[in-house]
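I opened this model to take notes on strands, cores, helix contacts, aromatic pairs and backbone geometry. These are my entries, in the order I looked things up.

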Amino acid sequence: MGTTTPPRTLAEALRARDDESLAGLLRARPDLLTPVPGDITQLATRAGTRASVVRALEHLDRFALQTAEALAVAPDPAPYETLLGLLTGDGRDDGEHRGGADTAIGDALPAALDTLREQALVWGENDRLRLVRTARELLAPSPQHPSPTGLGPTVAEATAGMSPGRLQEILAAAGLPTTHDPVSAVTSLSALFTDRTRMGELLDTAPAEALSVLDRLVWGPPYGEVTPNPTPPVKWLRDHGLLLPVSTRTVVLPREAALHLRAGRAHRVPEPRPPAVEAVATRDPQAVDSAAAGQAFLAVGTVEELLKGWNGGGPAILRAGGLSVRDLKRTATALDVSEPVAAFWTELAYAAGLLASDGEADERYAPTPAYDDWAELPAQDRWARLATAWLAATRTPGLIGGQDAKGRALSALGPDLDRSAAPEIRHRILALLASLEPGTAPDPETVLARLRWERPLRGASASAGDTTDLRSRIALWTLNESELLGITGRGALAAHTRALLDSGPAEAAALLAPLIPEPLDHVLLQADLTAVAPGPLERPLADMLSALADIESKGGATVYRFTPGSVRRALDAGQSAADLHAFLAAHSRTPVPQPLSYLIDDVARRHGHLRIGAASSYVRCDDEAVLNEILADRRSAALRLRRLAPTALAAQVDPASLLEGLREMGYAPAAESAEGDVLITRAGARRTPPRTPPVPVPEGPPVPDATLLGAAVRAIRAGDTAATVVRKDPADAPAATPGSLPRTTSAETLATVQAAAMTGSAIWIGYVNADGAASQRVIAPVRVEGGFVTAYDHTADEVRTYPLHRITGVAELADDAAH
């Protein structure tokens with residue numbers, strides 16, 4: 001480790017590391033950098049705090065965690081051979097079939113120890129391995145927190161508080177000589193349980209039923225309940241110390257005895273190697289890419305259709321935030337998908353910054369200005385934007401419909417959907433898929449098993465085949481969402497997704513572009529008032545056609561239906577009948593059917609015959625008969641109409657309600673302005689103010705970059721130098737407390753600093769900055785004037801100027817430290 005004597009503390013072990021090793025620790029545990037520790041001692045203290053150790057343990061793979069668990073039940077310190085024995089056993093047959101696991105354990109153990117050392121969870125040379133105290137407390141067996149190893153307390157721990165007489169009785173029953181004190185009695189009993197020969201002879205005398213009791217306890221849990229009058233097998237075990245009392249009704253199998261019965265193994269099934277991700281099918285890579293590209297194109301179209309439907313203002317926002325169940329059902333019906341899938345598309349549009357709240361008094365969801373920019377991009381670039389947003393999003397649509405910790409329902413676009421682990425799980429799953437051969441679809445169960453091996457504590461409640469923990473559920477949602485979004489095709493990773501992960505969105509879009517069909521500039525008009533689009537349409541054509549007709553069905557070809565309402569919608573948008581005829585004639589590969597021409601002319605003739613304005617509101621028409629007909633119609637009662645003049649009616653509802661009411665009665669009114677001009681309503685007029693996409697909620701501190709790591713390591717080293725430098729204390733001064741600031745008078749401070757500036761020597765100072773933060777520094781004064789000292793600061797590795805009145809005291813460095 002770079003020192004001739006073994007380290008006595010974690011701080012000494014860290015101090016002996018080189019800069020690269022310290023940077024590796026800070027990279028693996030970025031929480032240690034907030035804020036940057038002042039010196040190595042602070043770093044070691046912070047690395048041993050409970051919260052930091054728990055976070056580090058959660059990021060260990062299963063074998064590294066098993067190694068730490070084995071150290072937690074080993075003597076402290078433990079040599080490498082003892083640790084290896086706890087993982088491989090002592091060579092005896094314990095009834096478990098492990099194949100060549102022992103060889104794999106021997107090969108994997110050095111790397112696991114290196115990981116634990118790098119993260120400062122284990123320190124010391126191989127002959128004296130130590131687990132940090134907090135990790136030992138977390139992983140060691142206790143009645144409140146059973147160990148994952150299934151082992152119980154040691155004989156010394158289990159007999160603490162036992163009467164000396166009872167200990168001597170156990171020794172006598174086990175055939176051991178009595179001792180004069182409890183300590184030697186515990187030592188004698190522990191030696192019996194760890195002696196293979198004598199322990200075997202003792203178990204040979206045990207009743208068969210007693211051995212059956214031990215078999216039930218040996219792999220854990222090691223605790224059992226007994227009655228005041230136990231059965232003879234249990235009584236034999238208790239009398240011989242193989243079961244030690246924890247309370248009046250509970251006994252425990254001591255650790256040393258359990259390890260003998262396990263043939264020295266700490267774990268029933270050590271897992272030195274990660275489980276392989278197995279293939280469930282192998283497909284043609286071109287077929288995979290084509291299927292994924294088709295789904296990617298469908299994904300882009302679905303998001304566009306969703307936002308087009310909300311162009312004029314989407315659903316209202318719940319008071320607690322989010323989309324109501326009713327509005328989600330309407331969205332699912334409009335998109336012709338299930339509600340969970342509709343929730344996914346809605347959340348995806350929100351994550352990509354295409355959808356947000358409009359911020360009005362009656363808040364509604366609406367497309368953002370970014371949607372208009374996104375809609376102008378080629379389809380492959382639109383997909384790349386969506387896929388990139390999905391990869392980074394922490395919002396988890398799969399949670400929608402469930403409940404939060406307080407029992408409240410989780411709604412789409414609502415709060416409490418962020419799960420910090422989601423991006424890491426998505427990237428990891430895609431990385432596993434990318435490690436397979438192109439066209440290979442993995443077995444989802446093996447993917448989940450691999451994730452559980454890589455982060456066992458994150459899915460601690462999940463056993464093999466159990467998918468109820470959050471990490472497993474996010475993994476399954478990721479596989480489903482990947483298929484919906486075109487990330488995968490027929491279960492296998494697509495080539496454009498590999499490019500997205502390796503090279504970025506631009507390369508992914510370039511690979512996807514040839515697989516997406518070119519947009520068409522024509523449709524096929526049919527005599528049944530429908531139009532068939534045999535493929536994707538150019539954007540201007542699609543926008544105009546969506547205003548002129550309603551989508552009847554989607555698939556390989558989209559069918560549009562022309563209705564009086566859809567034609568009136570186009571007329572409301574400012575088009576004339578002549579414009580519509582010319583549009584259809586220009587973009588149809590078939591002649592315009594006569595029924596469609598008649599429909600357009602008929603609706604245009606009646607359109608605007610009635611005019612709606614604001615009085616509260618009014619209706620005017622040059623044909624008195626039409627107004628008489630409206631007044632006589634019972635359906636107009638809700639509008640509360642009354643005649644103002646032969647050609648005008650007044651209503652007690654607003655113009656929008658009056659307009660909608662008359663349309664429901666079969667009329668084709670048009671809204672007009674105060675000047676009498678027809679108001680043109682254009683689709684897509686409602687947009688939110690500029691919005692930024694939702695910021696992902698990070699999982700802990702971000703991983704620091706190389707620049708920050710280098711600066712942090714230099715600061716820690718410099719602070720450690722200042723804290724540990726050997727200095728001269730005045731003869732009449734009391735001994736300084738380690739870590740305390742030096743204290744001298746102003747005159748002494750000025751004289752010492754001036755002398756150091758003249759001789760060019762370094763001194764140790766205590767300094768309090770403007771914020772009141774105290775620190776220790778080693779400086780080499782260059783100039784002293786005007787109440788300031790300019791010096792080279794060894795701690796900061798730069799020249800700085802310090803006010804003399806903020807220096808609490810100075811001390812000269814010892815001769816060996818000055819050089």
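**Strand 19 and its partners**

I started with strand 17 (residues 617-620), which pairs with strand 19 in the antiparallel sense over 4 bridges. The model is a predicted one. I looked up a single bridge and found V619 partnered with L649 in strand 19.

Next I took strand 18 (residues 642-645). It runs antiparallel to strand 19, and 3 bridges join them. Strands 18 and 19 form a hairpin, with 2 residues between them. For R642, I noted A650 as the bridge partner in strand 19.

Which way do the residues of strand 19 (residues 648-651) point? I saw A648 and A650 pointing one way, and L649 and A651 the other way. I checked burial too: all of them are buried.

**A three-strand sheet**

I then turned to an open sheet of 3 strands. The order is 3-5-4 and the pairing is antiparallel. Why do two of its strands have a side without a neighbour in the sheet? Strand 3 (223-225) and strand 4 (244-245) stand at the edges, and each has a single partner strand, so one side of each is left without a neighbour.

I followed strand 4 to strand 5 (residues 250-252). The two run antiparallel and are joined by 2 bridges. Here L244 stands opposite V252 of strand 5. As a general note, strands of a sheet pair through backbone hydrogen bonds, either parallel or antiparallel.

**Nonpolar cores**

I looked up the largest nonpolar core next. It holds 88 residues, and L26, L43, F193 and L242 touch the most other members. Which helix gives the most to this core? I found helix 5 (residues 62-72), with 7 residues.

I picked L43 for its contacts. Leaving out residues up to four places away in sequence, L43 touches L14, L22, L25, L26, L32, P37 and I716. Another core lies apart from this one, with 65 residues. Its members include L335, A389, I429 and A475.

**Helix 20 against helix 21**

Two packed helices are described by the angle between their axes and the distance between the axes. I read off both for helix 20 (residues 379-392) and helix 21 (residues 422-434). Their axes come within 7 Å and cross at roughly 115 degrees.

Which residues make the contact? Helix 20 brings W390, L391 and A392. Helix 21 brings P423, R426, H427 and L430. I sorted the residues of this contact by type: 5 are nonpolar, 1 is polar and 1 is charged.

**Aromatic pairs**

I counted ring pairs and got 4 aromatic pairs. I looked at F344 and W345 first. Their ring centres are 5.0 Å apart and their planes stand at 55 degrees, so I logged the pair as tilted. Buried or exposed, I asked of F344? F344 is buried, with a relative accessible area of 4%. W345 also counts as buried, at 2% relative accessibility.

I went on to Y767 and Y802. This pair is edge-to-face, with 4.8 Å centre to centre and 70 degrees between the planes. Y767 lies in strand 22 (residues 763-768) and Y802 in strand 25 (residues 798-803), so the pair ties together parts that are 35 residues apart in sequence. Both tyrosines, Y767 and Y802, are buried.

**Backbone geometry**

I checked for cis peptide bonds. The bond from T34 to P35 is cis, with omega near -10 degrees. P35 sits in the loop between helix 2 (19-28) and helix 3 (40-47). A cis bond also joins D76 and P77, where omega is about 0 degrees. I placed P77 in the loop between helix 5 and helix 6 (80-88).

Then I looked for positive phi values outside glycine. L529 has phi near 60 degrees. L529 belongs to the loop between strand 12 (524-526) and strand 13 (530-533). With a relative accessible area of 23%, L529 is partly exposed.

R640 has a positive phi too, of about 50 degrees, and is not a glycine. I found R640 in the loop between helix 30 (624-632) and strand 18. R640 is partly exposed, with a relative accessible area of 46%.

Notes: Residues are numbered from 1 along each chain as its sequence is written. This is a predicted model: local features need pLDDT of at least 70, side-chain atom pairs count only at pLDDT 80 or more; totals for chains, interfaces and linings use all residues. Side-chain values use heavy atoms; hydrogens and water are left out. A nonpolar core is a set of buried Ala, Val, Leu, Ile, Met, Phe, Trp, Tyr and Cys residues joined through side-chain atoms within 4.5 Å. Buried means under 20% relative accessible area, exposed over 50%, partly exposed in between (1.4 Å probe, protein chains only). Contact means heavy atoms within 4.5 Å. Axes are lines fitted to C-alpha atoms, for helices over the stretch in contact, and angles run from 0 to 180 degrees between N-to-C directions. Ala, Val, Leu, Ile, Met, Phe, Trp, Tyr, Cys and Pro count as nonpolar, Asp, Glu, Lys and Arg as charged, and the others, Gly among them, as polar. Two strands pair if DSSP finds at least two bridges between them. Rings of Phe, Tyr and Trp (its six-membered ring) pair if their centres lie within 6.5 Å; planes under 30 degrees apart count as stacked, over 60 as edge-to-face and the rest as tilted.
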